[in-house]
Amino acid sequence: MNDVRIAVLGVGLMGADHVARITSRISGARVSVVNDYVTEKAEQLAVTIPGCRAVTDPLDAIADPDVDAVLLATPGPTHEKQLLACLEHRKPVLCEKPLTTDVETSLEVVRREAELGIRLIQVGFMRRFDDEYAALKAFIDGGELGNPLVLHCVHRNPAVPAHFDSVMTVRDSLVHEVDVTRFLFGEEITSVQIVTPTPNSLAGGGLSDPQIAIMRTAGGRHVDVELFVTTGVAYEVRTELVAEKGSAMIGLDVGLVRKSAPGTWGGTITPSFKERFGRAYDTEIQRWIDAVRTGAETGDYTDGPTAWDGYAATAVCEAGVQALRSGQRVAVTMADRTSIPGA
Ligand code: ISE
């Protein structure tokens, strides 16, 4: 079978990282087209990859006959149009979060895919492919700990770009904990509250940092998340599960522990999500490519979070943004999944 020809749309931090991964570490695929709203960026990248060219219009890139599947790493507000174009051309797509930036358009994307009767959209929640999260999920599902009750999460970034504001903490950072909660507990989140303690005076204006999110699930389980995106330290993502018969923790950064002169002891913490989840991204993309290769037989071109997962995350984050603004606990409004056959 020939390599799957991928168009990577958006070659900023994440997109360029995916281009490098597909070109050097992923089997059964190659990047045939790149696109970016900064045309020169795509052109400069294309010349470094054999058999790749830059296409200026993202919709042309999706329609291109030299493209079998699409990887969307473009800004969120452009996703709706690009996802609908992928559906129209029946092209499998891996979409970096968010699915779309509002609940209505996310649901419309879910509906349009369901109408086709095949699964083409996968959403890039990479943590599900991380060894530690996968081990925690297997541990929960194995039943040894009994009924899971509580999740305590820590999500710390060393720094964020100057345009990052308090709402982005919810939509860009909390969104991962939303997906992790749904993944680990296998149920929907029904309400969100956001507490804003004394802000870090070293964070830029407009950013209330840290934020504490408190979520409740359909089964009454509790999740709290410390979101602190200007720590100045490193990238720290930690999750502790508390269950009826014990607890389990991941994200302790216990790699190599050194002891060296002059009597120091310790290890290192990954600087950003690119390193912390590097292997998870590799696994995610390899499994996606493998699913794309067999999709024509199975009708499912995905192996991971679906369009519904993307929609559910958008719906929870929408409630999160309202909670941030009001200081109140806000109920999540979500469509009934069973009313959309195939979703
Ligand atoms: C960023 O956009 C990501 O997606 C990272 O995974 C997350 O940890 C970070 O907080 C976000 O800003």
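Leaving aside its neighbours within four places in sequence, Cys86 is in contact with Ile62, Val70, Lys91 and Val93, where contact means heavy atoms within 4.5 Å. Cys86 belongs to helix H4, which covers residues 79-88; helices (H or I, at least four residues) and strands (E, at least two) are DSSP runs, numbered from the N terminus. Cys86 counts as buried because its relative accessibility is 0%, buried being under 20% relative accessible area, exposed over 50%, and partly exposed in between, with a 1.4 Å probe and protein chains only. From Cys86 to Val254 there are 168 residues in sequence and 41 Å in space, C-alpha to C-alpha.

The model is a predicted one, in which local features need pLDDT of at least 70 and side-chain atom pairs count only at pLDDT 80 or more, while totals for chains, interfaces and linings use all residues. Residues are numbered from 1 along each chain as its sequence is written, and side-chain values use heavy atoms, with hydrogens and water left out.

One sheet is open and consists of 6 strands in the order S3-S2-S1-S4-S5-S6, with parallel pairing; two strands pair if DSSP finds at least two bridges between them. Its edge strands are S3 (53-54) and S6 (121-123), each of which pairs on one side only. Within this sheet, strand S4 (residues 69-72) is joined to strand S5 (residues 93-95) by 3 bridges in the parallel sense, and Leu72 has Cys95 in S5 as its bridge partner. Helix H1 (residues 13-24) lies across strand S1 (4-9), strand S2 (29-35) and S4, and runs at about 150 degrees to S2; axes are lines fitted to C-alpha atoms, for helices over the stretch in contact, and angles run from 0 to 180 degrees between N-to-C directions.

A further open sheet has 7 strands in the order S12-S11-S7-S10-S9-S8-S15, and here the pairing is mixed. Strand S12 (246-250) and strand S15 (330-331) each have a single partner strand, so one side of each is left without a neighbour in the sheet. Strand S7 (residues 148-156) pairs with S11 in the antiparallel sense over 8 bridges, and His155 stands opposite Val237 in S11. Glu236 also lies in strand S11, which spans residues 236-243, and counts as buried because its relative accessibility is 10%. Not counting residues up to four places away in sequence, Glu236 touches Val154, His155, Arg156, Asp253 and Ile269.

Elsewhere in the mixed sheet, S8 and S9 run antiparallel and are joined by 6 bridges, with Ile194 opposite Ala213 in S9. S9 also pairs with strand S10 (residues 222-228) in the antiparallel sense over 6 bridges, and there Met215 stands opposite Val223 in S10. S9 and S10 form a hairpin with 4 residues between them, and Gly220 in the turn has a positive phi of about 85 degrees. In a regular strand the side chains alternate between the two faces of the sheet. Along S9, Gln211, Ala213, Met215 and Thr217 point to one face and are buried, whereas Ile212, Ile214 and Arg216 point to the other and are not.

The loop between S8 and S9 holds Asn200, which is buried because its relative accessible area is 15%. The side chain of Asn200 reaches the backbone nitrogen of Leu202 at 3.0 Å, and, neighbours within four places in sequence aside, Asn200 is in contact with Asp209, Pro210, Phe228 and Thr230. Helix H10 (residues 307-326) lies across strand S8 (189-195), strand S9 (211-217) and S15, running at about 35 degrees to S8. Ser326 lies in this helix, H10, and is partly exposed, with a relative accessible area of 38%. Although Ser326 and Ile194 are 132 residues apart in sequence, they are 8.9 Å apart in space, C-alpha to C-alpha.

The ligand is surrounded by Lys97, Met126, His155, Asn157, Phe164, Asp172, Ser173, His176, Tyr235 and Phe273, each with a heavy atom within 4 Å of it. An oxygen atom of the ligand is 3.1 Å from an N or O atom in the side chain of Lys97, and for the side chain of Asn157 the corresponding distance to a ligand oxygen atom is 2.9 Å. A polar side-chain atom of His176 lies 2.8 Å from an oxygen atom of the ligand. Taken alone the ligand exposes 300 Å², of which the protein buries 89%, with accessible areas from the Shrake-Rupley method and a 1.4 Å probe.

Definitions and conventions:
Polar contact = N/O pair within 3.5 Å; in protein donor to acceptor, adjacent residues only side chain to side chain.
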